[in-house]
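Visitor: I am new to this structure and would be grateful for a close look at one part of it. Please begin there and then lead me outward to its surroundings.

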Amino acid sequence: MSTTIQQTGMHSGERIEQLQLTVGGMHCSLCTESITNGLERVNGVEDADVSLAHEEALVQYDPAQVDESEIWRILQDLGYEPREADYEERFEKEQEDLAAARRKAGIAGGLLIGVSALMAGNFFLPEFTSIPVYAYAIGALALGTFFGPARAIIFRNGWQSLRRGILNQDLLVSVAATGGLVGGFIGLVNPAFPADGFFGATVFVLAFHLIGGYAAVKVHVEASQSVRQLLDLEPPTAHKIAEGGTETDVLREELTVGDRVRVRPGERIPVDGTVISGTSAVDGSLVTGESTPQEKLEGDEVVGGSINQEGSLTVEVTQTGEDTFLRTVAQQVAEARALKPGILRLVDRILVYFVPIVFSAAALGFLLWSAGAWLWTGEPNFVRAGFAALSVLIMGYPCALGMSTPLAIVRGSSEAAEKGILMRSGEAFHVFKDIDTMLLDKTGTLTHGEPKVDEVISLIGASTDEILRLAAAAENPSEHPLARAIVTAAEENDVTIPEVSDFDVTPGKGVAAIVEDQTVTVGSPRFVEGEGADLSQMRGQIKDLQQTGSTVVVVAVDGSLAGLVALADPLKDDAAEMVDRLKAADIEPVMLTGDNEQTARTVAEQVGIEDYRAEVLPDDKSQVEREFQEQDRQVAMVGDGINDAPALMQADVGIAIEAGTDIAIEAADIVLTGSQLTTLLEARGLAQRSYRLTLTNVGIALVFNGAGVIAAVSGLLQPVWAMVAMGLSVSLVLANSFAGQLSPTTESA
C-alpha cells in the first residue's frame, strides 16, 4: 500500500511517498532497530517506523532517489518477509499463523510430558528401565521436535538473528538446542556424553520456547482486531435508487460516486455522501465523537457507519472505497500502529549483554580443558572441553528470564482486574509508570457520552415539573435520543406522563401532539418559532445556555412559549478529582474533543484543565500525540469512540473505557471496565509495582542461569541439571510472582 503525502518544509515540486508494509520474521524488539537502521541508511529514505507488536513498517521515502522495489529488497536482504498491508489477506494469514503456533505448542507440550515421564521412570524405577532404550527414546523425541515444529527456530530464527547481529532469545534457544543435539548424538557413540541428558535438555528448551511463542503470536493476532472491527461497521449492502425510482439492494462495493441510496430509520449509512432529500437525526457518536445526534437536512453531509435515527434519507454517494471516512480511519489506525513509539523490552536489553557472556563462557570452558589442560598437564582433554562448552550453551538458555515479564504482568493483571482494569499489552502497561502527559477525550471519557436534562425553565407560572410533564408527554412516542432523555428525566422525578393523540414528528426538528386538549409543540428554537411561538423574550437566555454547551429544547402550548428544557452531556462525578490527582502526580492533563470551542472551554474549566483542543478530527488527535512525543514526552490517551482508535493506537499507552466501542477497546493497551476515572491512577500505581516485580523476577532468573553457566564451565555439570535449574528457577519466579499482594491497595500514583 503506497500513498503520496506532502512533506512540510520540502522544496516546491518535490514529494515524499509513504509505503506501509506487513513485515514477517520479527522476533524481538531488537528486530525493529535492525530494520529501522537498515532502511534509514539508504539514501532517499526519510524515515522508517516499525511496530513489533503489529509486524508493520511505515517508510517515508523520496521516489526520485530510491524505488519502492529497493525497499522491498532491503527488507528481504535483512532476512524479513515484506508483504502488502492488505487487511483481508493479513487477517487470514494471522489466523493461519495462530493455528500453526497452537499446533506447535501442543506437540511441544506433549513431548515435554513424555520426556518428563521417561526421566521420572529412569530415576525412580531404574530396574524397569533400559538405559539404552531410554537414550534412544529421548533421541527420537528430540529429533521429532527438531525436524517438526521447532526446525524454524534453529534453521531460520537463530540463523537470521546471528547474521543480523541481533543477540536475542531466539539465538540462545537455537544454540542451546543445537548444543543439546550435538551432545546427544556424541553420547550415542561415546558414553562420556550422557545422551539422555543432552536430548532431554533439547526437548525442554524447545518446548518452553514454543509454548511461549504461541502466547506471543496470540497477542499479535488480537492486536490487529481493531481494524477488522472498524471495517465491519460498514453495512455490506445498500438500497440503490435507479433512474426510474425503483430500489435495488446491491453490495456496497458496487456503489460509485454519484449513485443515490435510500437509508431507512434505524439503518447505518453505507457510504459517505450528501443528503438530497429527507430530514432526520443522525447518530454519529461512534464515528465522530459528537454526543448529540445531529439534524441532517438537504445538502448536509453524512458519514458512512453513522446510524439514521428517524426519518428516511436519500443520499448521493460522494466517497467510495479507500476514500470513505471509515476506511480513512482504518488506515490511520494502521499507520498509528507503525508510528507507535517502540518499546525495547527489558529482557531484550538484558540479552544484549547476557548472550555474549554465555558464548564467552562456552569458549572459556572449551579452551580451559583443551589448551589450558594441555598447558597444565601436557595433554588436552577434548572430551571434557566439548562437554563443558555444550553444557554452558544449554545452561545459558534463560527460560525463567523469558517468563519473568509475563508472570509479573499476569500478577499485575489479576490485581488490576479486581479494580476494574484490564491490561491488554504488558510492555505498554510497564511504560505507564513513566507517563507524563495524559490526553483525555471529552465525550464518553470526561462526560457520560449521552444527553441528560440539565435544567427546566417555566415561563407560564407553572412548576418546572409541569413543563417537564408536557414535554415528556409530547416526546414519549418519539425514539429520538433527546426525546428519550426528557422522558427519562420525567420518570426519574416521578412525573406522571399522560397519553397523547395526533402525534406528529418533523424528523430532526421536533414534535407536536395533543396533550389533555392542548397542542404541545416541542423542538428546536427554530422549529417552535416556525410553528408560531414568539421567542423574543427568551433569545438571550437560549443563547447563554447554548454557549455553555447545552442543547435547548423549547416547549410551546397552543402556540405560546411555555418553557425551556436544557440538555447536556454531564461530567462524570469523579472527572475533576481525577484531573487534580493527575496534576498531583506531575502528569499534565490535555483535553481533546470534536466539539466546538465554547463547549470545550466550558468543560475544561469545570474539570480544571488548562490545555484543551477543540474541533479535533481523528487524524488530528494522533498528530497532537506525535507533537508531544517529538518533545520526548511519554503520552497516554484515554478515549472510547471509533474516532479515538488511531490516537489510542499511536499513544505510548492507549486507555479505553469499556462502555465505549469495541474498536476503541481493541486499539487500547489498558481497558477500564468501571465508570470511575480515578482507577487511572490505580492502574499507574499497579504498573509501577508490576515493573518492580519484573525486576525481581529477572534477578532470580539471572542468578540461576549465571550460576549454572559458571558451574558448566567446569565440565562436570550434567545436562540433567539444566532441566533441574529450569524447573527451580521457573518455580521461584512463579512463587515470587504470586506470593502476597503487590502492595497495599491504598497506594496510588
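In what sense do strand E17 (residues 452-458) and E22 pair, and over how many bridges?

Guide: The model before you is predicted. Strand E17 (residues 452-458) and E22 pair in the antiparallel sense, and six bridges join them. One point of this pairing can be located exactly: Val453 stands opposite Leu567 in E22.

E22 itself spans residues 560-568. Is this strand mostly covered or mostly open? It is mostly covered, for eight of the nine residues of E22 are buried. Buried here denotes under 20% relative accessible area.

E22 also pairs with strand E21 (residues 551-557), again in the antiparallel sense, over seven bridges. Within that pairing, Ala556 is set opposite Leu561 in E22. E21 and E22 form a hairpin with two residues between the strands. In this hairpin, Asp558 takes a positive phi near 50°. As a general matter, strands of a sheet pair through backbone hydrogen bonds, either parallel or antiparallel.

Further along the chain comes helix H20, which comprises residues 575-584. Four of its residues, Ala575, Met578, Val579 and Leu582, are buried. These residues lie on the same side of H20, because they cover an arc of only 100° around the axis. The cover over the buried residues of H20 includes two strands, E16 (437-441) and E23 (588-592). It also includes helix H15 (442-446), helix H21 (597-607) and H25. Just after H20, Asp586 adopts a positive phi of about 60°.

H25 leads to another feature, the cavities. The structure holds four cavities of 30 Å³ or more, and the largest encloses about 80 Å³ of space. Twelve residues line this largest cavity, and those nearest its centre are Met395, Tyr397, Asn705, Ala725 and Met726. The elements that give two or more residues to the lining are helix H12 (382-395), helix H13 (399-418), helix H25 (679-712) and helix H26 (720-738). Of these, H26 gives the most, with four residues. By class, the lining has ten nonpolar and two polar residues, and no charged ones.

Two open sheets elsewhere in the chain complete this view. One has six strands in the order E7-E6-E8-E14-E9-E12, with antiparallel pairing. Strand E7 (247-251) and strand E12 (301-302) stand at its edges, each with a single partner strand, so one side of each has no neighbour in the sheet. Within this sheet, strand E6 (residues 237-241) runs antiparallel to strand E8 (residues 260-263), and three bridges join them. His239 has Arg262 in E8 as its bridge partner.

The other open sheet consists of three strands in the order E11-E10-E13, and its pairing is antiparallel as well. Here strand E11 (294-296) and strand E13 (307-308) are the edge strands; each has a single partner strand, so one side of each is left without a neighbour in the sheet. Strand E10 (residues 280-283) and E13 are joined in the antiparallel sense over two bridges. In that pairing, Val282 stands opposite Asn308 in E13.

To return to your opening question, E22 has antiparallel pairings with E17 and with E21, and eight of its nine residues are buried.

How values were computed
Residues are numbered from 1 along each chain as its sequence is written. This is a predicted model: local features need pLDDT of at least 70, side-chain atom pairs count only at pLDDT 80 or more; totals for chains, interfaces and linings use all residues. Side-chain values use heavy atoms; hydrogens and water are left out. On a 1 Å grid over the protein atoms alone, a cavity is a set of points where a 1.4 Å probe fits but cannot get out, and a pocket is an open set with protein on both sides within 12 Å along at least five of seven lines; lining residues have an atom within 4 Å of a point. Grid points are joined across faces, edges and corners, and a volume is the space filled by probe spheres set on the points. Ala, Val, Leu, Ile, Met, Phe, Trp, Tyr, Cys and Pro count as nonpolar, Asp, Glu, Lys and Arg as charged, and the others, Gly among them, as polar. Buried means under 20% relative accessible area, exposed over 50%, partly exposed in between (1.4 Å probe, protein chains only). The arc is that of the directions from the helix axis to the C-beta atoms. Contact means heavy atoms within 4.5 Å. Two strands pair if DSSP finds at least two bridges between them.
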